[in-house]
Amino acid sequence: MRAVVQRVSGADVSVGGKVAGAIGKGLVVFLGVEDGDSAQDAAYMAEKTAGLRIFEDSAGKMNLSVKDVGGSVLAVSQFTLLGDARKGKRPSFIKAARPEQANELYRMFVDMLKEHGVGVEEGVFQAEMLVRVHNDGPVTIIIDSKKLF
C-alpha cells in the first residue's frame, strides 16, 4: 500500500456536487492498494497513520499525532498512486489492485484507523471525486507499507 498523507486545517470530498466527507484539523490520506497487498499492509498503514507525529507541540516541534490533537482523517482511495511513469509519458497502473481487492483492503484500513480511536470521514470508492485540501504547513508525507521509501 502507498499513501500520501497531508496535514490539513480542513478538507472535504464531493461527488456529484454533494459533500461525501469533510474534516477540520487532521489528515487527508490518499491511499493506493497494490496487487498482492494484505491485511498486514492495511494494519501497518493504519497504525503508522494514527501515530504519525506531524503536528506541532507547544514548543513548535512536530511531536504530536492526529489522535493527540483531536483531529480526524479524510480517507480517499486513489489507485493512481500506484502509477508507474518511469517509462514513456503514459503511466502504467498494472501494479494497482483489482477494485474488489482494493476496496476490501481500503475498508480494512478505515476500520483499523477507527479502532485506533481516530475519527474517519471518507470519499466514495471508484467515484469521480473533487477533493479540497487546506494543506497546513504545507506538510506532506509519503508512506509505503513495503517500506520502499
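A residue is counted as buried when its relative accessible area is under 20%, as exposed when that area is over 50%, and as partly exposed in between. In the predicted model described here, this definition bears directly on strand E7, which spans residues 119–122. The side chains of E7 alternate between two faces: Val 120 and Glu 122 point to one face and are buried, whereas Gly 119 and Glu 121 point to the other and are not.

Strand E7 is paired with strand E6. The two strands run parallel and are joined by four bridges, and within this pairing Leu 74 stands opposite Glu 121 of E7. The connection between the strands passes through helix H2, so that the chain follows a β-α-β crossover from E6 to E7, and the crossover is right-handed.

Strand E1 takes part in several antiparallel pairings. With strand E8, E1 shares 12 bridges in the antiparallel sense, and Ala 3 stands opposite Ile 143 of E8 in this arrangement. Strand E3 is likewise antiparallel to E1, with seven bridges between them; here Arg 7 has Leu 27 of E3 as its bridge partner. A further five bridges join E1 to strand E2 (residues 18–23), again with the strands antiparallel. Two of the facing positions in the E1 and E2 pairing are Asp 12 with Ala 22 and Ser 14 with Val 19. E1 and E2 form a hairpin with two residues between them, and Gly 16, in the turn, adopts a positive phi of about 60 degrees. Strand E1 is mostly covered, as 12 of its 14 residues are buried.

The largest nonpolar core contains 29 residues, among which Val 5, Leu 27 and Phe 109 touch the most other members. At least two residues of this core come from each of E1 (2–15), E3, helix H1 (39–51), E6, H2 and E8 (130–144). Helix H2 gives the most to the core, with seven residues. Leu 27 therefore has two roles in the model: this residue is among those with the most contacts to other core members, and Leu 27 is also the partner of Arg 7 in the bridges between E1 and E3.

Helix H2 also carries residues that are not buried. Arg 107 is found in this helix and counts as partly exposed because its relative accessibility is 30%, a value between the 20% and 50% limits. Between Arg 107 and Glu 122, which lie 15 residues apart along the chain, the C-alpha separation is 10 Å. Glu 104 is located in H2 as well and is partly exposed, with a relative accessible area of 49%. From Glu 104 to Val 139 the distance in sequence is 35 residues, and the C-alpha atoms of the pair are 28 Å apart.

The largest pocket encloses about 480 Å³ of space. Its lining comprises 21 residues, and those closest to the pocket centre are Ser 77, Gln 78, Phe 79, Thr 80 and Gln 126. Strand E3 (26–32), strand E6 (72–77) and helix H2 (99–115) each supply at least two lining residues, with E3 giving the most, namely three. By residue class, the lining consists of 14 nonpolar, five polar and two charged residues. Elements E3, E6 and H2 thus contribute to the pocket lining and also to the largest nonpolar core.

Several local backbone features were identified. Gln 126, which is among the residues closest to the pocket centre, lies in the loop between E7 and E8. Although Gln 126 is not a glycine, its phi is positive, at about 65 degrees. This residue is exposed, with a relative accessible area of 64%. Lys 147 is another residue other than glycine with a positive phi, in this case near 60 degrees. Lys 147 is placed in the segment after E8 and is exposed, since its relative accessible area is 58% and the limit for that class is over 50%. Within strand E8, where Pro 138 is found, the peptide bond from Gly 137 to Pro 138 is cis, with omega near -5 degrees.

Technical notes:
Residues numbered from 1 in each chain as written. Predicted model: local features only at pLDDT ≥ 70, side-chain atom pairs only at ≥ 80, totals over all residues. Heavy atoms only, no water. 1 Å grid on protein atoms, 1.4 Å probe; cavity = no way out; pocket = protein on both sides within 12 Å on 5 of 7 lines; lining within 4 Å. Points joined across faces, edges and corners; volume = space filled by probe spheres on them. Nonpolar A, V, L, I, M, F, W, Y, C, P; charged D, E, K, R; others polar. Buried < 20%, exposed > 50% of the residue type's maximum accessible area, 1.4 Å probe, protein only. Pairing = 2+ DSSP bridges. Right-handed = clockwise from strand over helix to strand, strands pointing away. Core = buried A, V, L, I, M, F, W, Y, C linked by side-chain atoms within 4.5 Å.
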